[in-house]
Structure formats: structure tokens, C-alpha cells
Amino acid sequence: MPQNTLVTGANRGIGLEFTRQLLERGDRVIAACRKPGQAHALGALAGEHPGRLQLVPLDVAEAASHHALLGELPLLLGEDKLDLVIQNAGVLHSGERFGQLTEANLLDSFRTNTSGPLLLTQSLTPWLADGAKIANLSSILGSLADTQAFSTPSYRISKAAQNMATRLLAAALADRGISVIALHPGWVQTDMGGDGASVAVTDSARGLLKVIDAATPKDSGHFFDWQGREVAW
Ligand code: NAP
């Protein structure tokens, strides 16, 4: 049966590839991004999959934008519920150095990578099907266990905090059979991953969808990479 999935940050990178692969397998996708009018790749996908892709504006860091999306959901979903939410949107401020860390970068990272997705999931709760799945795109860089160097601190701190949000949401939603998992996509060839990245975006998204599909409530509150290996918090 086709699933209803919401993907955030769907206009480029891993989010666009998630959207492409979900449509290819017959699912219905609500693709959220900051500027749908400029999301030409999503526009092309909508043309290729009539009636199964809906583009909506969403800035995950802005509460007003969450409210606008929630107001649209009755029209977007009708009698349906969301089977899967992929909290994919994220930001990485590169080039941070110890001694030059700014509050602006820390707060922007927290709003985009942590509080935004957490509050959006909370607001979406009435729209989630029992047994639905929430996939939070985290990063190995948010693993406390794996931290050795002072690099990308705003990103790492916000992803570590997002990992805690994953654990808390898993507890909050367990009684409805809703699974919440944190995912590391690999070092992926996107704008964020940069030139040296080792994993093709198609492989990462395919692997992550396999992990999401296989997840059961016993996996809720766990952290997996794109190949299904458990990652240490
Ligand atoms: P990307 O190529 O930089 O794309 C980031 C996406 O997030 C874009 O669609 C961007 O939209 C969106 N976004 C950023 N801030 C937003 C906001 N406030 N509201 C809504 N959308 C926003 O990154 P990616 O490589 O695809 O990464 C996707 C996810 O995987 C992120 O959560 C990232 O942290 C995680 N990840 C990536 C890697 C990697 O190697 N690439 C590794 C580990 C984890 P705009 O076009 O509007 O900016």
C-alpha cells in the first residue's frame, strides 16, 4: 500500500533523492522546502508523478512556517495520515575555529537541526498514523563517543542535541507504536558533503530507506548508519 511521507529540505541533496526514490516506488510525498517556486528539480518530479507529489513551503527553523504547514495538512492529506516523516533539512556552518565560535552560528544550527525538527514532530503528532516512523537525519559528527577534534562545533552540538530529541520522542510516541530513529547517511556527495565525499547520494538514500523500512518499534530510539549498522551515541 502506498505510504504518505513528508520530507523536509526536499529541494536538493539527500532530501531530493529521498523524494525521487519514494516516488519511484509508488509512494505519495509531501516535499517541503523553503522556496518551492525555485525548486525546479521537484517541479520536474511533480510532472513525472502526477498527483503523488505535493510541494509545500517550510522553513524548519520558523514556528510561523510550521503553523502554515499544519494549516495546509487537511487539504494535503484528506482522510489520510502520515506514515513516515523524514526530518532531513539541516545546516552546517563550515570553517569554525576555537576562539572564533559565534552565538549566531550556534543558535542557527540549534534552530535548524534541533529545536525546529523536534517542535515540528511534536506538532505533527495528531497527523501521524499509529505505527508511523520518524527518521531524523543526524550525523556521526553528533556522536559524543566519536568526538576527538574541535571541528564544526555548532553542527556537532546541534546534532548531539537532536540525538537526545530522538530518544525523547521515541519515549513519547512509543504507546502509539511510532518508531523514531536517528540516521547517519554516510559522507555523502551533496553541497554539504563537499567534493571529497565518498558515498553517492543515490546509494545513501537507498540504504537509508532500507533501514527505515526494516525498523520496528524495538529499534525506536536507536541510531543507525546508511548500511544499517548501529552508531554509538
Ligand atoms: P545539503 O545538500 O546542504 O541540503 C540541505 C537541505 O536542507 C537543503 O534542502 C536546504 O534547503 C535544507 N535546509 C537548510 N536549512 C533549512 C531550513 N531552515 N528550513 C528548511 N530547509 C532547510 O545537505 P545534505 O547533505 O543533503 O544533508 C541532508 C541531511 O543529512 C542534513 O540533516 C545533514 O546534516 C545530514 N548529513 C549529511 C551528511 C553529508 O555528508 N552530506 C553527513 C551526515 C549528515 P535550502 O536549499 O533552502 O538551503
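Here are a few worked exercises on the ligand site and the empty spaces of this structure.

The model is predicted, so local features need pLDDT of at least 70 and side-chain atom pairs count only at pLDDT 80 or more, while totals for chains, interfaces and linings use all residues. Residues are numbered from 1 along each chain as its sequence is written, and side-chain values use heavy atoms, with hydrogens and water left out.

**Exercise 1. Work out which residues come nearest to the ligand, and what the shell is made of.**

Step 1: Take every residue with a heavy atom within 4 Å of the ligand. That gives 28 residues, and Asn 11, Arg 12, Arg 34, Tyr 155 and Thr 190 come nearest.

Step 2: Sort the shell by class. Ala, Val, Leu, Ile, Met, Phe, Trp, Tyr, Cys and Pro count as nonpolar, Asp, Glu, Lys and Arg as charged, and the others, Gly among them, as polar. You end up with eleven nonpolar, twelve polar and five charged residues.

Step 3: Map the shell onto helices (DSSP runs of H or I, at least four residues, numbered from the N terminus, as are strands, which are E runs of at least two). Helix H1 (13–24) and helix H5 (153–173) each bring at least two shell residues.

**Exercise 2. Find polar contacts of the ligand with Gly 9, Gly 186 and Thr 190, then say how much of the ligand is buried.**

Step 1: Look for pairs of N or O atoms within 3.5 Å; within protein, one must be able to donate a hydrogen and the other to accept it, and residues adjacent in sequence count only if both atoms are side-chain atoms.

Step 2: Start with the backbone. A polar backbone atom of Gly 9 is 3.2 Å from a ligand oxygen, and for Gly 186 the distance is 3.5 Å.

Step 3: Add the side chain of Thr 190, which puts a polar atom 2.5 Å from an oxygen of the ligand.

Step 4: Now the area, by the Shrake-Rupley method with a 1.4 Å probe (for residues, only the protein chains shown count as cover). Alone, the ligand exposes 900 Å², and the protein buries 92% of that.

**Exercise 3. Describe the largest pocket and its lining.**

Step 1: Set up a 1 Å grid over the protein atoms alone. A pocket is an open set of points with protein on both sides within 12 Å along at least five of seven lines, a cavity is a set where a 1.4 Å probe fits but cannot get out, and lining residues have an atom within 4 Å of a point.

Step 2: Get the volume, meaning the space filled by probe spheres set on the points, which are joined across faces, edges and corners. The largest pocket holds about 1000 Å³.

Step 3: Place the ligand, asking for more than half of its atoms within 2 Å of the grid points. The ligand sits in this largest pocket.

Step 4: Inspect the lining. It has 40 residues, with Asn 88, Ala 89, Gly 90, Val 91 and Met 192 nearest the centre.

**Exercise 4. Compare the linings of the two cavities by class.**

Step 1: The largest cavity has about 40 Å³ of space. Its lining has four nonpolar, five polar and no charged residues, with H4 and H5 each giving at least two.

Step 2: The second largest cavity has about 30 Å³. Six nonpolar, one polar and one charged residues line it, and strand S5 supplies the largest share, three residues.
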